[in-house]
Amino acid sequence: MSPIRHLQSVEPSKANKGLPEPTYLELLRAGELDRRAELADRHLENCDLCARYCHVDRKVTIRGAVCRTGEHAVVYSHGPHHGEEDCLRGTHGSGTIFFSWCNLRCVYCQNWEISWKGQGRPVSTEELADMMLELQANGCHNINFVTPSHVVAQIISAVVAAATRGLTLPLVYNTSGYDSLEALRLLDGIVDIYMPDMKYGDAALARKYSHVPNYVAVNQAAVREMYRQVGDLLLDKDGVAYRGLLVRHLVLPNGIAGSEEIVRFLAEEISPHTYINIMDQYRPCYRAHDHSELDRSITVAEYRAVLEAARQKGLYRFADGNVDAWLAEADLRCV
Ligand code: SF4
């Protein structure tokens, strides 16, 4: 994969309703975006682009690469997505590009055909750029890279190509949160909105259920770096996000996600203003049935306990509005 040289200067965007333009456009004009693409491309040859640190040459082989992804990104689908958080989907949808493969191995993965089996097709830099421009032309509010950690180099090269051809939308990095600091530093000034999962508060459980070492330390270091780069989530007058950190936390049954440690970390070590989506939609999928403790949905009481722990720690910016109304409705359903 060759980084794309930028061919023309790009005028600052006037498209985003008077908001500050995404900072990658300034990097593009300064030639820094191109330099990052070249640097990231070199990382593929001794890969440290996620916290697996496989150190394989992905231009030659995928043997030894946990993500099974070589020189080209594999894309499962792209399109406007109306199921993301309100502040991402807005009125015209979030412009998702869904990458195949993953650097985690969650036994309860809801997208296992894509993440474990790699359904999708390899795409070139120009094809990836075309997808971004198509999503922009469709009126999407942002470009939302789903499961991007193992394709950081391919994404940066495609952003150079797309920005050169007129991309001006904010870029969302929608990650399972097992990112290397090497990759995140390459993305500094390129990503506008970081949306990491914080999946576990206990490293032993992360190893057991996602087959990943040191998840908690890696994940917390990554979130610190993301916050250093972009700060708290900023919304425009219509409530659509354009910069900052949005954390997702999926509550698992039987306290497996370590939710209390996660909300403590965010409130005390990141910011009490952290915007967080505490998600209730866990359903046992894939190999979850092999683990009796994961083989059910969560209860209202489990969800309520996490929400109360978050509030007690001082968090107050919860995605998708009125969680109290949700809880009242859930209580009624349980009567
Ligand atoms: S992106 Fe991560 S999983 Fe893939 S080869 Fe590099 S270090 Fe390994």
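**View 1. His 55 is an exposed loop residue.** His 55 has 11 other C-beta atoms within 10 Å. A residue is exposed if 12 or fewer other C-beta atoms lie within 10 Å of its own, buried if 20 or more do, and partly exposed in between, with C-beta atoms placed from the backbone. His 55 sits in the loop between helix 2 and strand 1. Its phi is positive, about 55 degrees, although His 55 is not a glycine. Helices (H or I, at least four residues) and strands (E, at least two) are DSSP runs, numbered from the N terminus. The model is predicted: local features need pLDDT of at least 70, side-chain atom pairs count only at pLDDT 80 or more, and totals for chains, interfaces and linings use all residues. Residues are numbered from 1 along each chain as its sequence is written.

**View 2. Glu 71 lies in the loop between helix 2 and strand 1 (74–81).** Glu 71 is partly exposed, with 17 other C-beta atoms within 10 Å. Its C-alpha atom is 39 Å from that of His 273. Along the chain, Glu 71 and His 273 are 202 residues apart.

**View 3. The ligand has 14 residues around it.** A residue counts as near if its C-beta atom, placed from the backbone, lies within 6 Å of the molecule. Cys 47, Cys 50, Cys 54, Ala 65 and Cys 67 come nearest. The shell has nine nonpolar, two polar and three charged residues. Here Ala, Val, Leu, Ile, Met, Phe, Trp, Tyr, Cys and Pro are nonpolar; Asp, Glu, Lys and Arg are charged; the others, Gly among them, are polar.

**View 4. Helix 1 (residues 23–30) buries Tyr 24, Leu 27 and Leu 28.** Seen down the helix axis, these buried residues fall within an arc of 105 degrees, so they line one face of helix 1. The arc is that of the directions from the helix axis to the C-beta atoms. Their cover includes helix 2 (32–43), helix 6 (152–164) and strand 5 (171–175). Just after helix 1, Gly 31 takes a positive phi of about 85 degrees.

**View 5. Asn 214 lies in the loop between helix 8 (203–210) and helix 9 (215–230).** Asn 214 is not a glycine, yet its phi is positive, at about 55 degrees. Asn 214 counts as partly exposed, with 13 C-beta neighbours inside 10 Å.

How values were computed:
Contact = placed C-beta atoms within 7 Å.
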